[in-house]
Amino acid sequence: MTKERENTEERYKAPALDKGLDIIELLSGTDEGLSQAEIAKALDRSPNEIYRMLDRLVRRNYIVRTSEDRYELSLKLFGLAHRHPPMRRLVSLALPAMRRFARDAEQACHMAVYDRGSGVVVGQIDAPGYWGFSIRVGSHISLLNTGSGHVLLAFVPDAERKLMLEERVPVPGETVPERFEQMLAKVRQRGYEVRPSQQTAGVTNISVPVLSSTGTLLAALTCPHIRRLDRHDAPSREDVLTMLLATAGEISAAAGVA
């Protein structure tokens, strides 16, 4: 590093900003959060030195303070990322794989992400031919009674899921189902969700997660499956599930996160 570059970097230092980013980056690599003392030790700073920064990050909703006085990342950065070009890039990379799925499975499919209290459809491909069931891009879908919503909740850490449910956009008459956590645990264990649509008769939602190499949920990929009555050689629901899981893996690989 040249002397001129050293002087430039010194001139434009922002210690408070660096401190806040250090905290965010540290918490991004932990699953159960850290106490103030643990954060200070990891960053080689005194607890008092980072107290005000933690307070500001909590007030701005970038991190949350748990009942056990531990600090965890909130979903705010996650939400902001969805408004940023990388999310649009994920969608553009996903669409070719989704088109191949629609062609081979002879079914429609859509991709949804979490955003400010609900699932949002960010990509959609129609089924080939003259029939099919699809959801418009930009549609907001429930977290509680859709396959996509169940996947978006099931494959995030407990603290994130709790926050997502707290931020849930209320729908008149909609309540959290009984034994909902157990239901999500089964989805997580299976690695996918298959259940009849609670909005449309004759549709079975098949939903799978799109995960990063570290297991972080990126999106939910869903096929609103309609069984063909006029063709006995059409792909079965089990075949469609296998194709959808392979498509989710293909999207992860295309995005460079598998």
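**Exercise 1. Determine how strand 8 and strand 9 are paired, and describe the connection between them.**

Strand 8 (residues 203-211) pairs with strand 9 in the antiparallel sense, over nine bridges. The model examined here, and in the exercises below, is a predicted one. To fix the register, take one facing pair: Val208 lies opposite Leu221 of strand 9. Turning to the connection, the two strands form a hairpin with five residues between them. Within the turn, Gly215 has a positive phi of about 90 degrees.

**Exercise 2. Identify the partner of strand 9 on strand 4, and state how covered strand 9 is.**

Strand 4 (residues 109-115) is joined to strand 9 by three bridges, and the two run antiparallel. A facing pair here is Ala112 and Ala220, the latter in strand 9. For the second part, consider residues 217-226, which make up strand 9. Nine of these ten residues are buried, so that the strand is mostly covered, with buried taken as under 20% relative accessible area.

**Exercise 3. Place the strands in order across the sheet, and explain why two of them are edge strands.**

In general, strands of a sheet pair through backbone hydrogen bonds, either parallel or antiparallel. In this model, six strands form an open sheet in the order 6-5-4-9-8-7, with antiparallel pairing. Strand 6 (140-141) and strand 7 (193-196) each have a single partner strand, and therefore one side of each has no neighbour in the sheet. Further in, strand 4 is joined to strand 5 (residues 118-125) by seven bridges, again in an antiparallel arrangement. Tyr114 stands opposite Gly119 of strand 5.

**Exercise 4. Find which strands helix 7 touches, and give its direction relative to strand 9.**

Helix 7 comprises residues 147-154 and packs on the sheet. The strands it touches are strand 4, strand 5, strand 6, strand 7, strand 8 and strand 9. The direction of helix 7 makes about 155 degrees with that of strand 9.

**Exercise 5. Decide whether Cys109 and Cys223 form a disulfide, and state whether each is buried or exposed.**

The criterion is a pair of cysteine sulfur atoms within 2.5 Å. By this rule the count is zero disulfides. For Cys109, the nearest cysteine sulfur is that of Cys223, 7.0 Å away, and Cys109 is in no disulfide. Likewise, Cys223 is in no disulfide, its nearest cysteine sulfur being that of Cys109 at 7.0 Å. As to accessibility, Cys109 is buried, with a relative accessible area of 1%. Cys223 is also buried, with a value of 0%.

How values were computed. Residues are numbered from 1 along each chain as its sequence is written. This is a predicted model: local features need pLDDT of at least 70, side-chain atom pairs count only at pLDDT 80 or more; totals for chains, interfaces and linings use all residues. Side-chain values use heavy atoms; hydrogens and water are left out. Buried means under 20% relative accessible area, exposed over 50%, partly exposed in between (1.4 Å probe, protein chains only). Helices (H or I, at least four residues) and strands (E, at least two) are DSSP runs, numbered from the N terminus. Two strands pair if DSSP finds at least two bridges between them. Contact means heavy atoms within 4.5 Å. Axes are lines fitted to C-alpha atoms, for helices over the stretch in contact, and angles run from 0 to 180 degrees between N-to-C directions.
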